[in-house]
Amino acid sequence: MNLIVLTAPSGAGKTTIARRLMAEVGGLQFSVSATTRDPRPAERHGVDYFFLSPDAFRERLAAGDFLEHEEVYPGRFYGTLRQEVERIAQREDVRAVVLDIDVKGAINVKRLYGDAARTLFIAPPSLTALADRLHSRGTETEAQVAMRLERAKMEMSYAHEFDATVVNDELEAAVAETVAQVEAFLEQRGA
Ligand code: 5GP
């Protein structure tokens with residue numbers, strides 16, 4: 001099994017980079033995580049996340065269904081479903097499973113999978129740039145933006161634990177660097 005783990009503070013441009021990565025490198029497939037947070041407008045169950053009630057999440061946790069899980073925001077749980085990752089990894093057309101998870105989840109996956117996992121940290125050029133992006137996105141309240149910025153500071157302090165950091169200053173350069181990292185990993189893994 002080959003795992004590519006993408007981690008970034010909220011608003012660092014990870015979603016755009018991930019989308020471009022999937023389009024430019026063949027054989028990559030996203031694993032859909034489970035979460036207890038509410039869907040945003042346009043998000044769909046089973047596509048963006050499996051949206052679970054706190055009770056349902058707890059039940060699946062007790063059943064050992066998560067490969068990793070974290071309380072990413074107070075009272076909001078997110079987890080990678082073991083079954084989802086295994087199902088995707090078994091497909092013949094899949095060279096690597098892509099996880100979009102938080103710093104602690106990424107570090108745990110690296111600990112569990114070692115060389116079979118490549119962890120990439122996507123960093124914003126600065127915290128100011130990140131604040132601007134979060135405000136212009138307009139999907140969060142001011143309080144939520146403040147919480148995400150606090151969390152971003154903490155997350156950036158873990159960047160050195162990742163296999164590589166990609167600074168998203170200029171989008172095309174960040175995409176090219178992400179693609180190069182992933183291709184090097186796939187080649188190394190013979191995938
Ligand atoms: P959002 O609520 O903006 O979709 O995601 C918030 C954070 O949760 C992001 O940093 C995202 O990477 C992280 N996240 C999403 N799914 C998982 C997961 O399965 N496990 C962990 N540990 N973090 C996740």
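In the predicted model, the lining of the largest pocket draws at least two residues from each of helix H1 (14-24), strand E5, strand E6, helix H5 (127-137) and helix H6 (142-156). Among the contributing elements, H1 gives the most to this lining, with 6 residues. The volume of the largest pocket is about 1200 Å³, and of the 37 residues that line the pocket, Lys 14, Thr 15, Arg 40, Tyr 49 and Asp 100 are the closest to its centre. When the lining is divided by class, 15 residues are charged, 13 are nonpolar and 9 are polar.

The largest pocket is also where the ligand sits. Two elements, strand E5 (66-73) and strand E6 (76-81), are those that give two or more residues to the shell around the ligand, and of the elements E5 gives the most, with 4 residues. The shell around the ligand comprises 17 residues, of which Ser 33, Arg 37, Tyr 49, Glu 68 and Tyr 78 come nearest to the ligand. Tyr 49 thus appears both in this nearest group and among the residues closest to the centre of the largest pocket. By class, the residues of the shell divide into 8 charged, 5 nonpolar and 4 polar.

Polar side-chain atoms of several residues were found beside oxygen atoms of the ligand. For Lys 14, a polar side-chain atom lies 3.1 Å from a ligand oxygen atom, whereas for Arg 40 the corresponding distance to an oxygen atom of the ligand is 2.9 Å. A polar side-chain atom of Asp 100 likewise lies 2.9 Å from an oxygen atom of the ligand. Of the 510 Å² of accessible area that the ligand has on its own, the protein covers 94%. Lys 14, Arg 40 and Asp 100 are also listed among the lining residues closest to the centre of the largest pocket, the pocket in which the ligand sits.

Conventions
Residues numbered from 1 in each chain as written. Predicted model: local features only at pLDDT ≥ 70, side-chain atom pairs only at ≥ 80, totals over all residues. Heavy atoms only, no water. Near = heavy atom within 4 Å. Polar contact = N/O pair within 3.5 Å; in protein donor to acceptor, adjacent residues only side chain to side chain. Areas by Shrake-Rupley, 256 points an atom, 1.4 Å probe, with all protein chains shown as cover. 1 Å grid on protein atoms, 1.4 Å probe; cavity = no way out; pocket = protein on both sides within 12 Å on 5 of 7 lines; lining within 4 Å. Sits in = over half its atoms within 2 Å of the grid points. Nonpolar A, V, L, I, M, F, W, Y, C, P; charged D, E, K, R; others polar. Points joined across faces, edges and corners; volume = space filled by probe spheres on them.
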